[in-house]
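Me: I'm new to reading protein structures, and I'd love some help. Could we walk through this one together, step by step?

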Amino acid sequence: MDGSARARAEEAELPLPGFTGGAAKPWEIVPAISFEVDLLTGTTARAGAFEAITGFRVDEVPPTSSWWRDRVHPDDLVEQTARAQEVLGSGGTQYQATYRVRHKQGHWLHVWEHGVVTWDDGRPVRLTGCTLDVSSFKRAEEAALRSKTVLERVVSALPDLLYIYDLDAQRNVFSNREVLRILGYSPDQIAAMGERLLDFLHADDRAVAPERQAHLTRLSDAEVAESEVRMRAADGTFRWLRTREVVFERHADGRVKQILGIAQDVTALKEGAERLARSEAEARARADELARERHRFAQIIEQMPMGVVVAEAP
């Protein structure tokens, strides 16, 4: 290896014959493959955590860029080739990419790569960079996405209104789609109401809202706050909502930041109870009136002269 090649390899921290090391290398801190590619010949030098990541020893693979390219997932290869052509075609000097490459044992790894292009007299002549195995992060991301998808399905299937209320911002930061069915507002409309959301409460409920919010700030993690409020729907009517609320998030100092709540539309129950109460009141009034009529009739009978017989009509 000539002096210029040795200098480039040392700059890229690639292994050389007889290299014994010294200071800690980047791949000893964060497992990564360090590489240098001669863009004119395709000759490639690799070092670092190559075996730990790919399963291959450096000395058992050909020192060519085509060997690595052949191990890239077919679905990612087209995008990677287009990305490289874009960088080189625009005279770029750096690129980043995330793609899949096949491990020696046959499974696919997700890797993140950063490269630096060296130009000489208008031509790209060298590519140096590093490749990190990000498979564990990708799996965690996919698991989180699956959990999010499951949660979204559960939330969508709930027949009740689910919401997150931010006590600092005084607004709903999340509402599920049931808010549209129950109140006639979309989740975006509810979010856009901001602090004005309290204006949609019934006047009697709005009057005690500060006291209710103060109670929410004192909730323990195991405590559930229950209440019933009336909120004006998009059609102008008021809907009765029975709410159950718990602490969703706290500040670093322990103060309650956000409340998770579920609200059930109990308007029909309330209206049914009111009708029943009116019916019972009307029945009691009729019973009282009948009792008074009987009392008056009894008084009339008592005041009639003796010998007068009151007979029922045939």
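Reply: Happy to! Keep in mind that this is a predicted model. Let's start with one pair of facing residues: V229 has L241 of β9 opposite.

Me: Which strand pairs with β8, and over how many bridges?
Reply: The partner is strand β9, residues 238–250, and the two run antiparallel. V229 and L241 in β9 are one pair of residues standing opposite each other. So the strand is β9, and the count is 8 bridges.

Me: What is the strand order of the open sheet that holds β8, and which strands stand at its edges?
Reply: This open sheet has 5 strands with antiparallel pairing, in the order β7-β6-β10-β9-β8. The end strands each have a single partner, so one side of each lacks a neighbour in the sheet. From one strand to the next, the twist averages 35 degrees. The edge strands are β7 (171–175) and β8 (225–232).

Me: Which strands does helix α10 lie across?
Reply: Helix α10 covers residues 209–217 and runs at about 145 degrees to β8. The strands it lies across are β6 (161–166), β8, β9 and β10 (256–265).

Me: What is the order of the other open sheet, the one with β1 in it?
Reply: It is an open sheet of 5 strands with antiparallel pairing. Its edge strands, β2 (44–48) and β3, each pair on one side only. The twist averages 25 degrees from one strand to the next. Reading across, the order is β2-β1-β5-β4-β3.

Me: How many residues of β1 are buried?
Reply: Strand β1 has β2 as an antiparallel partner over 5 bridges, and 7 bridges join β1 to β5. Facing pairs include F35 with R46 in β2, and A32 with L132 in β5. The strand is mostly covered, and the buried count is 6 of its 7 residues.

Me: Which residue in the turn between β1 and β2 has a positive phi?
Reply: These two strands form a hairpin, with 5 residues between them. The phi in question is about 85 degrees, and the residue is G42.

Me: Which side chains of β3 are buried?
Reply: Side chains alternate along this strand, so we can sort them by face, counting a residue as buried under 20% relative accessible area. Q94, Q96, T98, R100 and R102 point to one face and are not buried. Y99, on the other face, stands opposite V111 in β4. The buried ones are Y95, A97, Y99 and V101.

Me: How many bridges join β3 to β4?
Reply: The two strands run antiparallel. Their hairpin has 5 residues between the strands, and G106 there takes a positive phi near 105 degrees. The number of bridges is 9.

Me: Why are the buried residues of α5 on the same side of the helix?
Reply: The buried residues are D76, Q80 and V87. They share a side because the arc they cover around the axis is only 35 degrees.

Me: Which strands do those buried residues pack against?
Reply: The helix α5 lies across β3, β4 and β5 (123–133), at about 165 degrees to β3. Turned away from the buried side is a face with exposed P74, V78, Q85, E86 and G89. The buried residues themselves pack against β3 (94–102) and β4 (108–120).

How values were computed: Residues numbered from 1 in each chain as written. Predicted model: local features only at pLDDT ≥ 70, side-chain atom pairs only at ≥ 80, totals over all residues. Heavy atoms only, no water. Buried < 20%, exposed > 50% of the residue type's maximum accessible area, 1.4 Å probe, protein only. Helix = DSSP H or I, 4+ residues; strand = E, 2+ residues; numbered from the N terminus. Arc of directions from axis to C-beta. Contact = heavy atoms within 4.5 Å. Pairing = 2+ DSSP bridges. Axes fitted to C-alpha atoms, helices over the stretch in contact; angles between N-to-C directions.
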